[in-house]
Amino acid sequence: MVPDPVLLQLTTELFPNGISRYAIGGLLVGLGTVVIYLGTGIPAGASTFLESTLSYVSGQSRFQRYVSSRDWRLVFTFGIIMGALAFSATVQSGMITTSLYQPGTTGQLYEVGGLTLWSTDVQPWRLLLGGIFVGIGTRIGKGCTSGHGVCGVGSASKTSITGVITFMIVAILTAQLVAALGVSP
């Protein structure tokens with residue numbers, strides 16, 4: 001079987017550094033969601049973290065619906081944060097080198113207690129505003145991109161498939177608009 005040259009060229013243009021990093025990342029994310037589902041019976045997703053955390057201090061019914069699953073959600077979110085810190089302290093700092101990572105241009109390296117860490121150059125107000133928009137979007141969309149995109153699509157949920165198509169269209173249009181306006185970090 002001879003590969004289609006148009007498909008090969010398109011793949012090379014879309015993934016100039018190869019697809020291995022995406023394939024490995026996708027396999028790890030998929031494996032993680034399977035482990036969470038098998039262990040808890042609940043699809044993984046990060047958007048309910050705040051509500052499940054508030055169930056520790058609030059008796060409101062909105063937050064209490066997560067009492068049975070709040071502990072694993074806390075561990076799940078802690079794992080996301082620790083994974084990002086571990087990546088920053090090892091790969092982004094240059095302690096570990098890999099062909100799967102190419103350093104970006106929107107951050108600075110700095111030393112803390114003998115560790116080289118990375119910090120973004122994106123202004124704090126943009127991070128805050130982006131976080132607020134993401135939070136509102138996850139509430140309106142009844143879940144986050146990880147919940148809908150990984151677990152929902154994987155289970156053939158029509159709501160999740162519609163949500164992911166909407167997320168992607170809005171993200172592409174927003175990125176094109178921001179680029180056209182010349183906005184940078």
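Helix 6 is a good place to start in this predicted model, since it gives the most to the lining of the largest pocket, with 7 residues. That pocket has a volume of about 600 Å³. Its lining is made up of 16 residues, and those nearest the centre are Gly130, Phe133, Val134, Gly137 and Val170. Two elements each give two or more residues to this lining: helix 6, spanning 124-140, and helix 8, spanning 158-181. If you sort the lining residues by class, you get 7 nonpolar, 8 polar and 1 charged.

Now let's move to the second largest pocket, which holds about 350 Å³ of space. It is lined by 13 residues, with Gly25, Leu28, Gly83, Ala84 and Phe87 closest to its centre. Here the elements that give two or more residues are helix 2 (20-40) and helix 5 (70-92). The lining of this second pocket divides into 9 nonpolar, 3 polar and 1 charged residues.

Helix 5 also brings us to a charged residue worth a look, as Arg70 is placed in this helix. Which side chain of opposite charge is nearest to Arg70? That is Asp71, 4.3 Å away. A salt bridge requires a distance within 4 Å, so Arg70 has none, although Arg70 is buried. The side chain of Arg70 does have a partner elsewhere: it reaches the backbone oxygen of Ser55 at 2.9 Å.

Methods: Residues numbered from 1 in each chain as written. Predicted model: local features only at pLDDT ≥ 70, side-chain atom pairs only at ≥ 80, totals over all residues. Heavy atoms only, no water. 1 Å grid on protein atoms, 1.4 Å probe; cavity = no way out; pocket = protein on both sides within 12 Å on 5 of 7 lines; lining within 4 Å. Points joined across faces, edges and corners; volume = space filled by probe spheres on them. Helix = DSSP H or I, 4+ residues; strand = E, 2+ residues; numbered from the N terminus. Nonpolar A, V, L, I, M, F, W, Y, C, P; charged D, E, K, R; others polar. Buried < 20%, exposed > 50% of the residue type's maximum accessible area, 1.4 Å probe, protein only. Lys, Arg positive; Asp, Glu negative; His and termini not counted. Polar contact = N/O pair within 3.5 Å; in protein donor to acceptor, adjacent residues only side chain to side chain.
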